[in-house]
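Trainee: Could you take one part of this chain and go through it closely with me, starting with how two of its helices pack against each other and then moving outward to their surroundings?

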Amino acid sequence: MAIQLFDSLSRSLQPLRTPDPADPQDLFTFYNCGPTVYAPAHIGNFRTFVVNDVLRRLIELEFGPGKVKHVRNLTDVDDKTIRRAREEGRPLAAVAKQWTDKFHADCDALNCLRPHLEPTATGHIREQVDMIDVLMQKGNAYRAADGSVYFKVSSFDNYGRLSRVKERELQPGSALAGKSQAADADEKEDATDFALWKAHKPDDGENAWDSPWGRGRPGWHIECSAMIKKHLGETIDLHTGGEDLLFPHHENEIAQSECCNGVTFARHWYHSKHLLVDGAKMSKSLGNLYTLDDLVAKGFSPMAVRYALLMGHPQKQLNFTLDSLHAAESALKHLRSYRDTLVQRAGNMTAKSSRLFDDVLAALHDDLNTPWALGELHEDTRVHKSDSIAPIHAAADLTSFDLVMFALGLDLRTPALKADIPPAITALAEKRWAAKQAKDFATADALRKEITAAGWSMLDRKDGYSLEPLKKT
RNA sequence: GGCGCGGUAGCCAAGUGGUAAGGCCGAGCUCUGCAAAAGCUCUAUGCGCCGGUUCAAUUCCGGCCCGCGCCUCCA
């Protein structure tokens, strides 16, 4: 079953290229534009990364784990990272390290597989300079008076194909009309040209490298082109990112790479749509910008966040709300309960997949339709749930279930909530359990009220109890 | 102004030219000292509004209203 994926360039559903199984050198090359490491990523960023992670998992299942090479960059030098370092009086590398580590921790919590390679912009200055050099020699770039190098948009006939903008003219009423134009407007031959190399400015501090055009630093777009060429080749199978990267970032990458290499840059372009929170674009001023930590602090599990991010079709804006997080948490509980039942029934038995959940995979193959996949998942668990299922069938269903849960990246083995239980609460719970065993129900009920008032929920079972924190909203 | 997307039950959200998946919430039930958990059942004669095409439209076409995104460094 081929993976069909919307392609931003042709604006149509296209199958992904299948690498030759007989040729060990033929890998599916997959590049995902990564984060700028200057602050914690927010859940909007993570929508893109989680969607890309499902895609990565699906490709692995489809072509085999060894048949895909997944690269995601880290932008560790740009205006924002430099500004942050300057404000904090720290070296750029220290800022980048801090937020790279945080990004990795968040990705791990969200159960995203690590890319096979995470190259950095500062680690590829040489490659970027080399590429700019070729563009200069071919006449696609020019050096301005201040030592910056710009790409000459008019030298590339196909410019604008991806974002469908033939020429970026500043329209009356456009977002730019009122503002002063870019700071480097005077240096550029044309307003649409963009920087390949930025001449050193005092604000850049020590963050500058030597180049044939003087000291400076690379422009934003060139890093991806250079790292892709080095690590994945001149033509890659799949290039992805958030919808905002369509223009100018990816448009510019195409221009640079195709002018430099003379071949098609990417066979397939995939952009996931943005996340809205409570129906609006996230912004600090609206107070609806969440990081993973913000949501964990509210009592939600990272896995519920992942589930919530998969509740909408990646090609459609998703309205993220705290209510959907509650829904996600509950849905996960039911899936966990379903799996526990299968595990119990299966005992030590193992079996080949029953293919019970194949329609979940089918939904994912159809343009990564995650909401449809989740719908099928629940439908299948409901229809086939049975306490009296034969062990051999339970084992087969379990294999099938775990396969699709791998594809979705939903890890049910981690507890829903991990919170430290205060000793005082444990003490109350112990007392109540003792009272209950002694059939002193009046005392037991009073203690339950105390525990609830303290923000905890005590769940009785036949052989004991568990404590869960009440949700905060 | 340019390019694009969407309006489906209280909330989130799939989907189809032939009469509306799924999740959450809610209600009822089973179980249970209590409370939960878990399980079962139920919950849109309706898919923004108005026309058109059609035997048949939520699904196609046109118009309108509303919301949203991008437009030089925001995933």
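Mentor: In this predicted model, H1 and H8 run roughly perpendicular to each other, since their axes pack at an angle of about 80° and the range that counts as roughly perpendicular is 65 to 115 degrees. The two axes lie 9 Å apart, H8 being the helix of residues 302-309. On the H1 side the contact is made by Ile43, Phe46, Arg47, Val50, Asp53, Val54 and Arg57, and these residues meet Val305, Arg306 and Leu309 of H8. Sorted by class, this contact holds six nonpolar and four charged residues, with no polar residue.

H1 (43-63) also leads to H3, because what covers the buried residues of H3 includes H1, together with strand S4 (68-72), helix H2 (79-88) and helix H7 (292-297). H3 itself takes in residues 92-109, 18 residues in all, and from its first C-alpha to its last it reaches 26 Å, close to the 26 Å expected at 1.5 Å a residue. The buried residues of H3 are Leu92, Val95, Ala96, Trp99, Thr100, Phe103, His104, Asp106 and Cys107. Around the axis they cover an arc of only 165°, which places them on the same side of H3. The general background is that an α-helix has 3.6 residues a turn, so residues three or four places apart point the same way. After H3 comes Asn111, whose phi is positive and near 60°.

Positive phi values recur further along the chain, and two further examples can be set side by side. Arg355, a residue other than glycine, has a phi near 65° and lies in the loop between helix H9 (322-346) and helix H10 (358-365). Asp367, which is not a glycine either, has a positive phi of about 60° and has its place in the loop between H10 and helix H11 (370-384). Their surroundings differ in accessibility: Arg355 is exposed, with a relative accessible area of 55%, whereas Asp367 counts as buried at 8%.

Another backbone feature belongs to helix H6, where Pro248 lies: the peptide bond that joins Phe247 and Pro248 is cis, with omega about 0°. H6, residues 246-261, also holds Asn252, which is buried at a relative accessible area of 2%. Apart from its neighbours within four places in sequence, Asn252 is in contact with Tyr159, Phe194 and His221. Of these partners, His221 is 31 residues away from Asn252 in sequence, and the two C-alpha atoms are 6.5 Å apart in space.

A buried residue of a strand can be followed in a similar way. Met458 has its place in strand S14 (residues 456-460) and counts as buried at 3% relative accessibility. Beyond its neighbours within four places in sequence, Met458 is in contact with Ala429, Arg432, Trp433, Arg448, Ile451, Tyr465, Ser466 and Leu467. From Met458 to Trp372 the distance is 35 Å, C-alpha to C-alpha, with their positions 86 residues apart in sequence.

As a setting for these details, chain A contains 14 helices and 15 strands, and its C-alpha trace spans about 90 × 55 × 40 Å along the principal axes. Of its 473 residues, 49% are buried. Among contacts with a separation of 6 or more, 75% come from residues 24 or more positions apart.

How values were computed
Residues are numbered from 1 along each chain as its sequence is written. Chains are lettered from A and ligands numbered from 1 in the order in which they are written. This is a predicted model: local features need pLDDT of at least 70, side-chain atom pairs count only at pLDDT 80 or more; totals for chains, interfaces and linings use all residues. Side-chain values use heavy atoms; hydrogens and water are left out. Helices (H or I, at least four residues) and strands (E, at least two) are DSSP runs, numbered from the N terminus. The expected span of a helix is 1.5 Å times one less than its number of residues. Buried means under 20% relative accessible area, exposed over 50%, partly exposed in between (1.4 Å probe, protein chains only). The arc is that of the directions from the helix axis to the C-beta atoms. Contact means heavy atoms within 4.5 Å. Axes are lines fitted to C-alpha atoms, for helices over the stretch in contact, and angles run from 0 to 180 degrees between N-to-C directions. Angles under 35 degrees count as roughly parallel, over 145 as roughly antiparallel, 65 to 115 as roughly perpendicular and the rest as oblique. Ala, Val, Leu, Ile, Met, Phe, Trp, Tyr, Cys and Pro count as nonpolar, Asp, Glu, Lys and Arg as charged, and the others, Gly among them, as polar.
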